[in-house]
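Please look through the sequence and the model shown here before reading on. The paragraphs below are meant to be followed with the coordinates open.

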Amino acid sequence: TADIEGDLTEVLYTEGQIHARIAELCRQIEADYEGRDLLIVGVLKGAVMVMADLARELKRDVEMDWMATSSYGTSTESSGVVRIVKDLDTDIAGRNVLIVEDIVDSGLTLSWLRTNLESRNPASLEVCALLRKPEAAKVDIEARYVGFDIPNAFVVGYGLDYAERYRNLRSIGILAPHVYS
Ligand code: PRP
Ligand code: MN
Ligand code: MG
């Protein structure tokens, strides 16, 4: 367990590649939100790393808030029914809200979250996801900012976990099957 990168079959993105892509997304976000307030909302726990790096890369004023959700159903199959474990502290009515996620997998979490936050009447609501798995999509998610489209593999690192492990890996990679089989 000492060398967690040794549990990967392949590194998909190095720390440097991740930071470079986040910087590109930040330049787009800065342009798109010029002259407007911005509240970024991180979805715990996976989005912690991307929130921390994105917020520090933004060369502008930004507020940060957090939500924690948990989906009902078995651990392997997301049901799409989501429960709020920790709600926002911020009233988002009239605010420009950008949801920040580590990954859009089936899309069920973000689909539910989008509907939930939309009902609170924000001035605008957009999604930024570092990773997206197009082949795994069960519902279409309008994500304005996407870092990388990735294959339908079990990825960990940079916030993404397997059984709460590997979140602290600096790179993102494919987890070796021997770890979970
Ligand atoms: C993961 C990931 C996304 C969600 C994506 O979170 O961080 O939030 O699943 O899956 P979906 O598109 O199929 O809904 P998870 O529920 O594992 O919680 P975590 O962020 O605490 O790891
Ligand atoms: Mn998550
Ligand atoms: Mg998880």
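What follows goes from a helix and its surroundings to a sheet, and then to two individual residues.

The model is a predicted one, and a convenient place to enter it is helix H1, which takes in residues 15–32 and so has 18 residues. From its first C-alpha to its last, H1 reaches 26 Å, which is close to the 26 Å expected at 1.5 Å a residue. The residues of H1 that are buried are Ile18, Arg21, Ile22, Ala23, Leu25, Cys26, Ile29 and Glu30, a list in which Arg21 and Glu30 appear beside Ile18 and Leu25. In an α-helix, residues three or four places apart point the same way, because there are 3.6 residues a turn. The cover over the buried residues of H1 includes helix H2 (48–57) as well as several strands, among them E1 (8–13), E5 (96–104), E6 (124–132), E7 (145–149) and E9 (172–175).

The packing of H1 with H2 can be followed in its geometry and in its contacts. Two packed helices are described by the angle between their axes and the distance between the axes. Here the axes of H1 and H2 come within 9 Å and cross at roughly 55°, which makes H1 oblique to H2. The crossing in which H1 passes H2 is right-handed. On the H1 side, His19, Ile22, Ala23, Cys26, Arg27, Ile29 and Glu30 meet Val50, Asp53, Leu54 and Glu57 of H2.

Strands E1 and E9, both included in the cover of H1, also belong to an open sheet of 3 strands, in the order E1-E9-E8, with antiparallel pairing. E1 and strand E8 (155–156) stand at the edges with a single partner strand each, so one side of each is left without a neighbour in the sheet. E8 and E9 run antiparallel and are joined by 2 bridges, and Val156 has Gly173 in E9 as its bridge partner.

Two residues outside these strands can be described by their surroundings. Asp7 lies in the segment before E1 and counts as buried, because its relative accessibility is 16%, under the 20% limit. Leaving aside neighbours within four places in sequence, Asp7 is in contact with Arg165, Tyr166, Ile174, Leu175, Ala176, His178 and Val179. Tyr180, in helix H4 (residues 177–180), is partly exposed, with a relative accessible area of 35%. Not counting residues up to four places away in sequence, Tyr180 touches Phe154, Tyr162 and Leu175, while its C-alpha atom is separated by 28 Å from that of Val146, 34 residues apart along the chain.

Notes:
Residues are numbered from 1 along each chain as its sequence is written. Chains are lettered from A and ligands numbered from 1 in the order in which they are written. This is a predicted model: local features need pLDDT of at least 70, side-chain atom pairs count only at pLDDT 80 or more; totals for chains, interfaces and linings use all residues. Side-chain values use heavy atoms; hydrogens and water are left out. Helices (H or I, at least four residues) and strands (E, at least two) are DSSP runs, numbered from the N terminus. The expected span of a helix is 1.5 Å times one less than its number of residues. Buried means under 20% relative accessible area, exposed over 50%, partly exposed in between (1.4 Å probe, protein chains only). Contact means heavy atoms within 4.5 Å. Two strands pair if DSSP finds at least two bridges between them. Axes are lines fitted to C-alpha atoms, for helices over the stretch in contact, and angles run from 0 to 180 degrees between N-to-C directions. Angles under 35 degrees count as roughly parallel, over 145 as roughly antiparallel, 65 to 115 as roughly perpendicular and the rest as oblique. A crossing is left-handed if the near helix is turned anticlockwise from the far one by less than a right angle, and right-handed if clockwise.
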